[in-house]
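The exercises below each set a task and then work through it step by step. Please keep the sequence and the model at hand while reading.

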Amino acid sequence: PYDITGDLSRNGAEADITHIGGRIGSSDVAGHLHVSETGGRRDLTGDLASHRLKLADLSAIIGGAPRAMMRGTVTSPAQQAAAARLTAEHRILPDARLDVSRMRQMDADVHYRAETVDAGPLPIRQMILHARLDHGLLTLDPLSLVLPQGALSGSIRLDARGATPVTSINLALAHAQVQELLPRIQGQPPAEGSLAAAARLTGSGSSVREAAGNANGVVTLAIPGGQMRQLFAELIGVDVARSLFLYLSKDESPTPIRCAVADFSAKNGVLTLDKLMIDTAAVQATGKGTINLRDETFSIVINGKPKHFRILHLAAPITLKGRLDDPKVGLDIGKAAPQLAFSAVLGALVAPLAAIVPLVTAGSTHDADCSALLAESHRLGAPL
């Protein structure tokens, strides 16, 4: 829903729309536009700006109606129906089809700037973009989302000159802070430190869901240093005794993060976790798994190994799985079944105290080669 006013003046094949003001959804908009026509083809140029942009209002452009729009945003019946359908199907990616013929009917060159952005839990402060449309080729370059610290910047290209549109994104996250992006637990962020990331993906399709479902490319994330609450580090390593002690003592002390990287390769809409390494002073964790954009599900397994002597350490990996809109965190206790069975046998046949022997680890894990790991993430595009 929108409510826009402005002054229109026309001189032959040219028209100016000045003093634009009003709202699109819950977002205000102002600025001016110029339209000209040559040889039956229209060209639109101009500058638009918002004091406050509600990011959910842009979802209509890509055919979406996320559930966030249902709260505090004016919605049409069609948007409400789309939101209800996405929710019922447990999906996030919209499947509204793009009318490529309309993209070829005119050209455009428009600048847009939002001074403040309401993006729900995401800490976006400002948006800046330059949109160009040239005979069915749409580019957003540059596209910048400014964070309290750092920015997500790059470009998006939508080529609708052929029968099937092809979308390419090339985005980089620089100088961001982990603690601003993670939810707080008991008032404290589980980890702190700088974060760099990059995504280079290309997919063909007439909808966001279709393009994502056959996307190819790479995604990489890297934390070159920081700190993590030791409680969470020990939980990653599944150290029962140490975690319980830290929890009961309300110990908030941190442990250094030497480095952390996650590299994905995307093929036909499936992101495979090629490398996951979280190296802290107390625990080192590795992982594997996939994120399937075709059915919007994921399954990732994380194995943690203590670096120091620990009692009551379970060899049970942490599991992250489910749908993208409803992730589940669990513990694959089945992997620790031999360890627990051996513990039970020793406790029954030798002595109760002997039951802890299989749960003791010497913690001989070595530090990761952080320089090599970060260099690989940098090669993949992370702006370290």
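A nonpolar core is a set of buried Ala, Val, Leu, Ile, Met, Phe, Trp, Tyr and Cys residues joined through side-chain atoms within 4.5 Å. The model examined here is a predicted one.

**Exercise 1. The chain as a whole**

Task: State how many helices and strands the protein chain has, and what share of its residues is buried.

Solution: The protein chain has 8 helices and 18 strands. Of its 384 residues, 41% are buried. Turning to the surface, the protein chain exposes about 19,900 Å², and carbon and sulfur atoms supply 61% of that area. Among contacts with a separation of 6 or more, residues 24 or more positions apart account for 50%.

**Exercise 2. The nonpolar cores**

Task: Find which residues have the most contacts inside the largest nonpolar core, and list what Leu-129 touches beyond its neighbours within four places in sequence.

Solution: The largest nonpolar core has 43 residues, and Met-127, Leu-129, Phe-264 and Leu-271 are those with the most contacts inside it. Once the neighbours within four places in sequence are set aside, Leu-129 is in contact with Val-110, His-111, Tyr-112, Leu-140, Pro-142 and Leu-143. Apart from the largest core lies another, of 10 residues, which includes Ile-20, Leu-133, Leu-158 and Ala-160. As general background, nonpolar side chains tend to be buried together in soluble globular proteins.

**Exercise 3. The two sides of helix α8**

Task: Determine which residues of α8 (residues 370–379) are buried, and which are exposed on the other side.

Solution: Begin with the buried residues of α8, which are Cys-370, Leu-373, Leu-374 and Ser-377. Because these residues cover an arc of only 90° around the axis, they lie on the same side of α8. On the other side of the helix, Ser-371 and Arg-379 are exposed. The next step is to ask what the buried residues of α8 pack against, and the partners are β11 (216–223), β13 (254–267) and β14 (270–280).

Leu-374 allows a closer look at this helix. Leu-374 counts as buried because its relative accessibility is 17%, and the cut-off for burial is under 20%. Leaving aside neighbours within four places in sequence, Leu-374 is in contact with Ala-222, Ile-223, Pro-224, Cys-259, Val-261 and Leu-384. The last of these partners, Leu-384, is 10 residues from Leu-374 in sequence, and their C-alpha atoms are 7.9 Å apart. Just after α8, Gly-381 takes a positive phi of about 120°.

**Exercise 4. Backbone details**

Task: Identify which two residues a cis peptide bond joins, then say where His-135 and His-175, each with a positive phi, are found.

Solution: The cis peptide bond joins Asp-141 and Pro-142, with omega about 5°. Pro-142 has its place in strand β7 (residues 137–146), and this proline also appears among the contacts of Leu-129.

The two histidines can then be taken in turn. His-135, a residue other than glycine, has a positive phi near 50° and is found in the loop between β6 (126–134) and β7. With a relative accessible area of 45%, His-135 is partly exposed. His-175, which is likewise not a glycine, has a positive phi of about 60°, but it is found in strand β9 (residues 166–177). His-175 is classed as exposed because its relative accessible area is 60%, where the cut-off is over 50%.

Note on methods:
Residues numbered from 1 in each chain as written. Predicted model: local features only at pLDDT ≥ 70, side-chain atom pairs only at ≥ 80, totals over all residues. Heavy atoms only, no water. Helix = DSSP H or I, 4+ residues; strand = E, 2+ residues; numbered from the N terminus. Buried < 20%, exposed > 50% of the residue type's maximum accessible area, 1.4 Å probe, protein only. Arc of directions from axis to C-beta. Contact = heavy atoms within 4.5 Å. Areas by Shrake-Rupley, 256 points an atom, 1.4 Å probe, with all protein chains shown as cover.
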